[in-house]
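Work through the exercises below with the sequence and the model open. Each task is followed by a solution in steps.

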Amino acid sequence: MNVAIVKYNAGNIYSVIHALTRLGVEPLLTDDPEKLMAADKVLFPGQGEASNAMQYLREHKLDQVIRDLKQPILGICIGQQLMCRHSEEGNVDCLGIFDVDVKRFLPQKHEDKVPHMGWNTLEETKSHIFNGFCGGEYAYFVHSYYVPICPDTAAVTNYIQPFSAAMHKNNFYATQFHPEKSGAVGERILKNFLEL
Amino acid sequence: MLAKRIIPCLDVKDGMTVKGTNFVNLRQAGDPVELGRTYSEQGADELVFLDITASHEGRKTFADMVQRVAATLSIPFTVGGGINELKDVDRLLSAGADKVSINSAAIRRPELIDEIANHFGSQVCVVAIDARMDEKGWTCYLNGGRIPTERNLFDWAKEANDRGAGEILFTSMNHDGVKTGFANEALAQLAADLTIPVIASGGAGAMEHFREAFTEGHADAALAASVFHFGEIKIPELKQYLQAQNIIVRQ
């Protein structure tokens, strides 16, 4: 299988490469539009700051390439947020694939620490990438901004308030958590995605 | 709900774990990658690998080990030991670590915290603090607890928080190795003072000590070494116990 990872300026992608390698896939890390368009599956991972990431994607014409992809694509963490309409992080317009705006977590009490970091449960999972899930599985999160619940929400996690832990619309899939760092649960999600 | 985290800590010297283990099924008991994999399979939520090597050669061996850990493990891990400047952080993150833990270097030059937070994000920056309670209160120590400083634990933790640390890993030197429980009063004070997670370290000897660190110390995570390495506490049993005590843990 021909799996490509979008190469851009958003953080550490080694763990995604390692996770795919453990599943027997050798991904291609590339910012070449033709190679991305030719892949069977595309991953769009990353950690980083939204406005810098969007600027880089626009300068390299990757914004339109990602919007136009027809094969399954999986955004991870900042990848999910960049696939939305707008982000409060750097007040930037994003790819607009999911019709929803990204907000910053606002603590309601002292115990509400931001970033939301650690293992939290996935509820109301509904998407092929959650095949075999029954709700309550733990995934690993690290983020300060979140996507509110919307029609494209494919899994819900509760931290300060319920938010979109995963999203799905047509060929576009996304997770706020890191499947590549979520142990056996994350491996199952990546495997489900590769089998789409 | 966000789960409380259980974190085994492995001391590594010249690429091998230092403290002994009684895991009978390990092919190589001293291999930190094998041990890390075993803990991950048992349900550890994160791992910490501390490089206690002094030599330049040892540092290279450690970075090689970090690469092998990253290729093997599918849970987050932190690395610490010998991190003095941004390029040390870059080297270890590039090798695949999720977070770095800085200790003496941050007390000597607190701006290192700002630099790491600005370059890589707060989430990668764990500030480890070794402190001892004496007649003057809680005093921070350098170099693995060998050199006392003028710094007070709570003042320094707050400063690290404000400079952009992502987590505080607090080891009580009074409790470390004694196995009578964590420093819960100091932990509770840190939890009240800080806006970032606190990892409790030093003192684990029984499963109830973990419960107390979470209920009395309000810690977000608890770290231990020897009780796990020697099998005195097994992670699956610990998590079952904590869940039965109404503490939210990942099963």
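**Exercise 1. Find what share of the contacts in chain B with a separation of 6 or more comes from residues 24 or more positions apart, then describe the chain as a whole.**

Step 1. Two residues are in contact if their C-beta atoms, placed from the backbone, lie within 7 Å. In chain B, 65% of the contacts with a separation of 6 or more are between residues 24 or more positions apart.

Step 2. The model is predicted: local features need pLDDT of at least 70, side-chain atom pairs count only at pLDDT 80 or more, and totals for chains, interfaces and linings use all residues. Residues are numbered from 1 along each chain as its sequence is written, while chains are lettered from A and ligands numbered from 1 in the order in which they are written.

Step 3. Chain B has 10 helices and 11 strands. Helices (H or I, at least four residues) and strands (E, at least two) are DSSP runs, numbered from the N terminus.

Step 4. The radius of gyration, taken over C-alpha atoms, is compared with a globule rule of 2.2 Å times the number of residues to the power 0.38. For 251 residues a compact globule would have a value near 18 Å, and the 17 Å of chain B agrees with this. The C-alpha atoms of chain B fill a box of roughly 45 × 45 × 35 Å along the principal axes.

Step 5. A residue is buried if 20 or more other C-beta atoms lie within 10 Å of its own, exposed if 12 or fewer, and partly exposed in between; the C-beta atoms are placed from the backbone. Of the 251 residues in chain B, 52% are buried.

**Exercise 2. Describe the surroundings of strand β9 (residues 167-172) of chain B.**

Step 1. Six of the six residues of β9(B) are buried, so the strand is largely enclosed by the rest of the structure.

Step 2. In a regular strand the side chains alternate between the two faces of the sheet. Glu167(B), Leu169(B) and Thr171(B) point one way from β9(B), and Ile168(B), Phe170(B) and Ser172(B) point the other way.

Step 3. Two strands pair if DSSP finds at least two bridges between them. Strand β6 (residues 125-134) of chain B runs parallel to β9(B) and is joined to it by six bridges; Val126(B) has Glu167(B) as its bridge partner.

Step 4. β9(B) also pairs in the parallel sense with strand β10 (residues 198-201) of chain B, over four bridges. Here Ile168(B) has Val198(B) as its bridge partner.

Step 5. Together with helix α7 (residues 184-193) of chain B, β9(B) and β10(B) make a right-handed β-α-β unit. Right-handed means that, with the strands pointing away from the viewer, the path from the first strand over the helix to the second runs clockwise.

**Exercise 3. In what order do the seven strands of the open sheet in chain A lie, and which helix packs on the sheet?**

Step 1. The order is β2-β1-β3-β4-β13-β12-β11 (chain A), with mixed pairing. At the edges are β2 (28-30) and β11 (153-159) of chain A, each pairing on one side only. From one strand to the next the twist averages 25°.

Step 2. Helix α1 (residues 14-22) of chain A packs on this sheet and touches β1, β2, β3 (41-44) and β4 (73-76) of chain A. The direction of α1(A) makes about 170° with that of β1(A). Axes are lines fitted to C-alpha atoms, for helices over the stretch in contact, and angles run from 0 to 180 degrees between N-to-C directions.

Step 3. Strand β1 (residues 3-6) of chain A runs parallel to β2(A), with three bridges between them. Ile5(A) is opposite Leu29(A) of β2(A).

**Exercise 4. Locate Asn91(A) and Glu124(A), and state whether each is buried, exposed or partly exposed.**

Step 1. Asn91(A) lies in the loop between β5 (86-87) and β6 of chain A. Asn91(A) has a positive phi of about 45° although it is not a glycine. It counts as exposed because it has 9 C-beta neighbours inside 10 Å.

Step 2. Glu124(A) is in the loop between β8 and β9 of chain A, with a positive phi near 50°. With 15 other C-beta atoms within 10 Å, Glu124(A) is partly exposed.
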